[in-house]
Number of protein chains: 2
Amino acid sequence: MIKIVILGGGNVAFHLINEFLKKKSVKIIQLYNRSIEKIKPFEVFAPITNNLTDLKDADVYIIAVSDNHIAEISQQLHFKDKLVVHTSGAHAIEELKSNSHKGVFYPLQTFSKNKKIDFSTTPICIEATDKKSLKILEKLAKSVSEKTYEINSTQRKSLHVAAVFVNNFVNHLFTVGKDICDKNNIPFEILLPIIHETAQKIETINPKEAQTGPAIRQDNKTIDQHLAILTNNQQEIYKLLTNSIIKHHGKKL
Amino acid sequence: MIKIVILGGGNVAFHLINEFLKKKSVKIIQLYNRSIEKIKPFEVFAPITNNLTDLKDADVYIIAVSDNHIAEISQQLHFKDKLVVHTSGAHAIEELKSNSHKGVFYPLQTFSKNKKIDFSTTPICIEATDKKSLKILEKLAKSVSEKTYEINSTQRKSLHVAAVFVNNFVNHLFTVGKDICDKNNIPFEILLPIIHETAQKIETINPKEAQTGPAIRQDNKTIDQHLAILTNNQQEIYKLLTNSIIKHHGKKL
């Protein structure tokens, strides 16, 4: 059994706590958060603290706090033979300042407080400073997910920016789509099936090959008609992405 | 029973033919395409022709050809008491030049030749010049889909551009995400669960409220680190969408 302490009170910490509480091969020894109120609901399941000097003995300390507090918290964790990990996609393993074994346990998913996640299909990207630590993280990852990947810090940084494109930016395009619908009294739900299909299609077809629409057809008449009914901000996005599609597919306007 | 003729040999025509062939309330009287070879495979199910003057008697003539041929083909269809419709999201009902009843039968979905579509959940947007024609189109739409919407030409134009944002542009962002993965030897499949979740999330949460990531947090440190590892073209997209997210949420860089 792997004994863990989870540090943090945000979305990632909450989802990890809920997930590990269900697993028999993992035991949550303690929960830490600067503001104790946030982790109070978990007190019935595990001891809680807001004092870093009170941390109990465990195998792995999982720092699931916001990115800019990882260094500050980790440098107060001095457990020579223990493993201290962070859960951030944006930061290298060196962001950890403790004099322990170090690692990263990065679940690549978008977490919202009020929405359950299927952890069994969530990719867990792991990295460690030594083989023994990597083995522990692999075991920990496999206890919650079928998909475990060894990803180094350089790759993880790229993976994180790729995730910004396919998640944050995609979601913003959904917002723009909804704005256009709202303005014209069109129910946004009409777009849900095509959104679903667009995401599903690339599970079997390379996204470059799946590209359709007026940009790749260089259908300038339709492009001009579209631009005419958009706001300035929407036009800017439309033009840039249209040109990017054209460039990508080896053609020029 | 509604008797129909389908004109066209592309993706939309193929999917419609396959779908209507399965329905008992609809009978395909004839198929037309300029190049007869393309519709040859359907010859066993319905008579085919490449001659517009040979068209048989039917209730509805569905013009499912590429956008720039709708006017040209429709002006050769002179059936005074029949219904002639096109299937285009980009064009107004007036694009039809026949002296018949007119309508639009626009299935809002992304069609690829080698991928089956669940038609029962595909929204069909209909419009007609008169009530009787609208009733026929409604019946036709409901024979293949649970989701039928009456959408006028102005709304449809906006819906079409919204679909470009949430389908064509989103797919391009998937392509950029894959480019970044490929360059760093990261399997693209790691991103599929977050892509799936991003699309699914907005079925229950408004996309504006679902927005996460460094842009909405105005996390400039992460933004700068991301920009540093992108190509020029990727940087342009990253900056514009980051600024658009910030503007959208009432803040300024």
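**Exercise 1. Find how many cavities of 30 Å³ or more the whole structure holds, and describe the largest.**

*Solution.* Start with the count: searching the whole structure turns up 4 cavities of 30 Å³ or more. Here a cavity is a set of points, on a 1 Å grid over the protein atoms alone, where a 1.4 Å probe fits but cannot get out. This is a predicted model: local features need pLDDT of at least 70 and side-chain atom pairs count only at pLDDT 80 or more, while totals for chains, interfaces and linings use all residues. Residues are numbered from 1 along each chain as its sequence is written, chains are lettered from A in the order in which they are written, and side-chain values use heavy atoms, with hydrogens and water left out.

Next, the size: the largest cavity holds about 50 Å³ of space, a volume being the space filled by probe spheres set on the points, which are joined across faces, edges and corners.

Then look at the lining, whose residues have an atom within 4 Å of a point. Chain A gives Thr110(A), Asn167(A) and Asn171(A), and chain B gives Thr198(B), Lys201(B), Ile202(B), Ala210(B) and Thr212(B). Helix H5 (153–183) of chain A and helix H6 (192–201) of chain B are the elements that give two or more residues to this lining; helices are DSSP runs (H or I, at least four residues), numbered from the N terminus.

**Exercise 2. Work out how chain B is related to chain A.**

*Solution.* First superpose the copies by least squares on the C-alpha atoms of residues with pLDDT of at least 70 in both. A turn of 180° and a shift of 0.0 Å along the axis lay chain B on chain A with an RMSD of 0.0 Å. That is the relation of a two-fold axis. In chain B, Val170(B) has the C-alpha nearest the axis, 2.8 Å from it.

**Exercise 3. Decide whether Lys22(B) is buried or exposed, and place it in chain B.**

*Solution.* Begin with the position: Lys22(B) sits in the loop between helix H1 (11–21) and strand E2 (26–32) of chain B. Strands are DSSP runs too (E, at least two residues). Now the accessibility: at a relative accessible area of 59%, Lys22(B) is exposed (buried means under 20%, exposed over 50%, partly exposed in between, with a 1.4 Å probe and protein chains only). Finally, the C-alpha atoms of Lys22(B) and Val144(B) are separated by 9.2 Å, with their positions 122 residues apart along the chain.

**Exercise 4. Name buried residues of H4(A).**

*Solution.* Helix H4 of chain A covers residues 131–144. Its buried residues include Leu134(A), Leu137(A), Leu140(A) and Val144(A).

Note on methods:
On a 1 Å grid over the protein atoms alone, a cavity is a set of points where a 1.4 Å probe fits but cannot get out, and a pocket is an open set with protein on both sides within 12 Å along at least five of seven lines; lining residues have an atom within 4 Å of a point. The expected span of a helix is 1.5 Å times one less than its number of residues.
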